Amino acid sequence: MNQPRILARVVSGLAACAALSACAGSISQQEEVQIGQQNAAQINAQLPMLNDGTISSYVNSLGQAIARRTSRGDLDWHFAVVNSEVINAFALPGGYVYVNRGVLTNASNESELAGVLGHEIEHVVRRHSVKQMEQMQGANIGVGLACALTNVCQNTAAQAAIQVGGTAVFAKFSRGDEVQADEGGFNNVINAGISPRGMLTFFQKLLSEEQQSGGGNASAWFSDHPGTQDRIADIQRMLNDNGSRISGLRTDSQGFQTMKARLRQLPAAPRATQ
Ligand SMILES: [Zn+2]
C-alpha cells in the first residue's frame with residue numbers, strides 16, 4: 001500500500017549511487033551506515049518492537065560485548081528485540097541487529113542467544129548484504145530491496161511488517177555466507193568469553209521442533225537460514241577442533257536468567273500472520 005512511497009525513500013538513500021553505474025561495486029562505510037540507519041528507522045516504527053528495560057539492556061549489552069571484539073568494533077552497533085514469537089534474527093548493514101522474542105523464549109542459556117547474535121554480527125562484519133547491494137546494477141537496486149529478497153518480511157510479524165519488510169535491506173544469504181557467518185560467529189562468541197556450544201544446541205532444538213511440529217515458530221528460521229542440518233555438522237566439527245579454547249568459557253549468566261524471568265512476566269506477543 002504505502003510500499004512504493006517507502007521504497008522510494010529507501011532508494012533515494014542510494015540514489016547517488018544508483019544514478020551512477022560507475023558507483024556500483026563500492027559502498028563506503030558511511031553509506032552502509034546510512035542505509036542501515038534509514039532502514040532501522042522504518043523497522044523500529046513499523047515492526048512491533050519489544051521495548052522493555054530489563055530485556056533490551058541485557059540483549060544490548062550481550063550484543064555489544066560480542067560485536068566490540070570483532071574487526072568492526074568501530075561501528076555504532078545497535079541491538080533490538082522484535083515482539084514476535086517467530087524464531088528469527090536478522091541484521092541490517094551498518095551494525096543494526098534484530099532478534100525476535102521467539103529466540104529469547106527458546107534459548108535456554110546465554111550461550112544459545114550469543115550464538116544467534118554472533119552469527120548475525122558476522123553477517124555485518126563480512127558485509128554480506130552490502131556485497132549483494134554492490135553487485136546489483138543501479139537499475140535493479142529498487143527491485144533488489146523489494147520483499148522478494150527475503151522471508152523475514154513475510155514471517156517476522158504481522159501485516160505492517162510485510163509492508164516495511166518490503167523496504168528493508170535484508171539480504172537472502174547464500175549457503176556460503178551462512179557457513180561464513182557460523183564460523184565467524186563461533187569465534188565472535190569465544191572472543192567474548194562465552195562458550196559457542198549454544199550454537200549447536202539451539203540449532204538442534206530448532207531442528208527437532210521443525211521435525212516434530214512441521215515448523216511452527218521455527219519454520220521461518222529454516223527458510224531464512226538454508227542448510228541448517230549441514231551447519232549443525234559443521235558446528236559440531238568446530239566444537240571438536242576447538243575443545244581447548246572452549247573449556248572454561250561460560251555458558252550462562254545471571255543476566256540471562258533475569259532476562260528470562262522478566263520475559264515470563266510480559267503479556268504475550270502479538271500473533272504473527274503466516
Ligand atoms: Zn545467517
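1. Two strands count as paired here if DSSP finds at least two bridges between them. With that in mind, welcome to this predicted model. Its sheet is open and has 3 strands, arranged in the order β1-β3-β2 with mixed pairing. The edges belong to β1 and β2, each of which pairs on one side only. From one strand to the next, the twist averages 20°.

2. A good place to look within the sheet is the pairing of β2 with β3. Strand β3 covers residues 96-100, runs antiparallel to β2 and is joined to β2 by 4 bridges. To find your bearings, look for A91, which stands opposite V97 in β3. As general background, strands of a sheet pair through backbone hydrogen bonds, either parallel or antiparallel.

3. Next, please turn to the zinc ion. Which protein atoms are its donors? They are H119 (NE2), H123 (NE2) and E178, the last listed twice through OE, at 2.1 to 2.6 Å from the zinc ion. Along the chain, these donors follow the spacing H-x3-H-x54-E. H119 sits in helix α6 (residues 110-125) and E178 in helix α11 (residues 175-191), so this pair ties together parts of the chain 59 residues apart in sequence.

4. The geometry of the zinc site deserves a comment too. The angles among the 4 donor atoms run from 53 to 132°, and the site is irregular. Why is the site not called tetrahedral? Because that label requires all angles to lie between 85 and 135 degrees, and the range at this site begins at 53°. For reference, the ideal angle for four tetrahedral donors is 109.5 degrees.

5. Are the donors H119 and E178 buried or exposed? H119 is buried, with a relative accessible area of 1%, and E178 is buried as well, at 0%.

6. From E178 you can move on to R231, a residue of helix α14 (residues 228-241). R231 and E178 form a salt bridge whose closest N and O atoms are 3.7 Å apart. This pair links distant parts of the chain, helix α14 and helix α11, 53 residues apart. R231 is buried, at 2% relative accessibility. The side chain of R231 also makes a polar contact with the side chain of D182, at 2.5 Å.

7. How many salt bridges does the structure hold? The count is 12. One of them joins E85 and R101, with the closest N and O atoms 3.3 Å apart. E85 lies in the loop between β1 (78-82) and β2 (89-92), while R101 lies in helix α5 (residues 101-106), and the two are 16 residues apart. Their surroundings can be told apart by accessibility: E85 is partly exposed at 26%, whereas R101 is buried at 4%.

8. Another salt bridge pairs K205 with E112, the closest N and O atoms being 2.6 Å apart. K205 belongs to helix α12 (residues 197-213) and E112 to helix α6, so the pair ties together parts that are 93 residues apart in sequence. K205 is partly exposed, at 25% relative accessibility, and E112 is buried, at 3%. Helix α6 may sound familiar, as it also holds the zinc donor H119. In general terms, side chains of opposite charge can pair when their charged atoms come close.

Notes: Residues are numbered from 1 along each chain as its sequence is written. This is a predicted model: local features need pLDDT of at least 70, side-chain atom pairs count only at pLDDT 80 or more; totals for chains, interfaces and linings use all residues. Side-chain values use heavy atoms; hydrogens and water are left out. Donors are N, O and S atoms within 2.8 Å of the metal (3.2 Å for Na, K and Ca); water is not among the atoms, so sites may look incomplete. Four donors count as tetrahedral if all angles lie between 85 and 135 degrees; four count as square planar and six as octahedral if opposite donors are over 155 degrees apart and all others between 65 and 115; anything else is irregular. Buried means under 20% relative accessible area, exposed over 50%, partly exposed in between (1.4 Å probe, protein chains only). A polar contact is a pair of N or O atoms within 3.5 Å; within protein, one must be able to donate a hydrogen and the other to accept it, and residues adjacent in sequence count only if both atoms are side-chain atoms. A salt bridge is a side-chain nitrogen of Lys or Arg within 4 Å of a carboxyl oxygen of Asp or Glu. Axes are lines fitted to C-alpha atoms, for helices over the stretch in contact, and angles run from 0 to 180 degrees between N-to-C directions.
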